[in-house]
Amino acid sequence: MSAFMVDQLVAKHGLLMAVRGVSFSLEKGEILAIVGANGAGKTTLFRSLSGVHPVDSGRITLNGEDITAWPAHQRVRSGLAMVPEGRRLFVDMTVRENLQIAAENGRSGDWVLDKVVAALPVLEPILNQVAGGLSGGQRQAVAIARALMCNPSVLLLDEVSLGLSPIAVEGLYQSLEQLKKSKVTSMIIVEQDLKRAIQFSDHLLCLLEGRVALSGCSHELTHKAITQAYFGLEAEETENA
Ligand code: ATP
């Protein structure tokens, strides 16, 4: 049984079909990278998966259970957590308090405060600091930690490196590599940096105008094939470019 399965998902903004029949599945501990140009439908897909945007048709299954009609909070309790683009922490609270609140709203499991701090060591010196005073990289690490405190079996990461300095991005991906090694939590990650998306993931899916233009094993897909799918180019066009 797949940890997460999406079957022919359709999501709209009014009459505009932003996600057009997207399907994929993910096993426990696997990582899927979703790439695509601006407006390709990545955010709408993520919002539909996490339950904050309505699904028009199709099916989402989490650990064998059909969650398509479930509200967001019920999905979190069942093991689906999202790290949204832009982070959204409680800025007046300390990092520790932010994490404790998340634990109360998620499901119980192995990811308790000590274990999360061990997996993301960057948190240790800032646990008692107010979240509003943190750097972008630190805030993003707290956002990931907060999602982990919900004990997700599937973690959705939407452009986690957006707006961070190259050093902060490096630190963040080192933390994510540690999570990856644990092979417990499946991750779906939207990443604009193609090279990083390929390196970090097991599978890659490229969206173009709401459709899956390309999908496969990240290490088997060529950079050229991904670029073609990304821009919707025919093979000859890229050869002549
Ligand atoms: P980006 O990388 O720019 O965030 P994206 O791949 O996440 O893009 P979406 O934001 O999901 O793509 O947008 C998919 C389509 O839906 C686009 O055509 C976009 O213009 C449209 N869209 C997105 N949000 C809305 C909205 N709130 N109302 C109407 N149309 C929207």
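**Stop 1: a hairpin**

Select residues 4–13 and 16–26 of this predicted model. These are strands β1 and β2, which make a hairpin with two residues between them. Click on Gly14 in the turn: its phi is positive, about 60°. Now follow the two strands away from the turn; they pair in the antiparallel sense, over eight bridges. For one such bridge, show Lys12 and look across to its partner in β2, Met17. If pairing is new to you, strands of a sheet pair through backbone hydrogen bonds, either parallel or antiparallel.

**Stop 2: the rest of that sheet**

Next, add β4 (residues 57–62) and β5 (65–66) to your selection. You should now have an open sheet of four strands in the order β2-β1-β4-β5, with antiparallel pairing. Which strands are at the edges? They are β2 and β5, each of which pairs on one side only. Zoom in on β4 and β5, where two bridges join the strands. Here Leu62 stands opposite Glu65 in β5.

**Stop 3: an enclosed strand**

Hide that sheet for a moment and select β8, residues 186–190. Why is β8 described as largely enclosed by the rest of the structure? The reason is that five of its five residues are buried. Turn on the side chains and look along the strand. Ser186, Ile188 and Val190 point one way, while Met187 and Ile189 point the other way. That fits a general pattern: in a regular strand the side chains alternate between the two faces of the sheet.

Now bring in the partners of β8. Strand β3 (residues 31–36) pairs with β8 in the parallel sense over four bridges, and Ile31 stands opposite Met187. Strand β7 also runs parallel to β8, joined by five bridges. To see one of these, select Asp158 and its bridge partner in β8, Val190.

**Stop 4: two nonpolar cores**

Select Leu123 and Leu176. Of the 51 residues in the largest nonpolar core, these two touch the most other members. Then colour helix α5 (residues 136–148), which gives the most to this core, with seven residues. In soluble globular proteins, nonpolar side chains tend to be buried together.

Stay with Leu123 and show what surrounds it. Beyond its neighbours within four places in sequence, Leu123 is in contact with Val95, Leu99, Val116, Val117, Ala141, Val142 and Ala145. There is also a second, separate core, of 25 residues; among them are Leu9, Leu45, Ile188 and Leu205. You have met Ile188 already, as one of the buried residues of β8.

**Stop 5: the largest pocket**

Switch to a surface view and select Val76, Met82, Pro84, Arg88 and Arg146. Of the 25 residues that line the largest pocket, these are the closest to its centre. The space in this pocket comes to about 630 Å³. Which elements give two or more residues to its lining? They are α1 (42–50), α2 (72–77), β6 (80–83), α3 (95–105) and α5. Sorted by class, the lining has 13 nonpolar, five polar and seven charged residues.

**Stop 6: the second largest pocket and Asn151**

Move on to Arg107, Asn151, Pro152, Ser153 and Val184, the closest to the centre of the second largest pocket among its 14 lining residues. This pocket has a volume of about 200 Å³. Its lining is made of four nonpolar, six polar and four charged residues.

Keep Asn151 selected. You will find Asn151 in the loop between α5 and β7 (154–158). Is Asn151 buried or exposed? Asn151 counts as buried because its relative accessibility is 6%, and buried means under 20%. Apart from neighbours within four places in sequence, its contacts are Gly79, Arg107, Ser108, Gly109, Asp110 and Trp111. Try a distance too: from Asn151 to Thr185, C-alpha to C-alpha, there are 8.7 Å in space, with these positions 34 residues apart in the numbering.

**Stop 7: helix α8**

Finish with helix α8, residues 223–231. Its buried residues include Ile226, Thr227, Gln228, Ala229 and Tyr230. Just after the helix, click on Gly232, which takes a positive phi of about 70°.

Definitions and conventions. Residues numbered from 1 in each chain as written. Predicted model: local features only at pLDDT ≥ 70, side-chain atom pairs only at ≥ 80, totals over all residues. Heavy atoms only, no water. Core = buried A, V, L, I, M, F, W, Y, C linked by side-chain atoms within 4.5 Å. Buried < 20%, exposed > 50% of the residue type's maximum accessible area, 1.4 Å probe, protein only. Contact = heavy atoms within 4.5 Å. Pairing = 2+ DSSP bridges. 1 Å grid on protein atoms, 1.4 Å probe; cavity = no way out; pocket = protein on both sides within 12 Å on 5 of 7 lines; lining within 4 Å. Points joined across faces, edges and corners; volume = space filled by probe spheres on them. Nonpolar A, V, L, I, M, F, W, Y, C, P; charged D, E, K, R; others polar.
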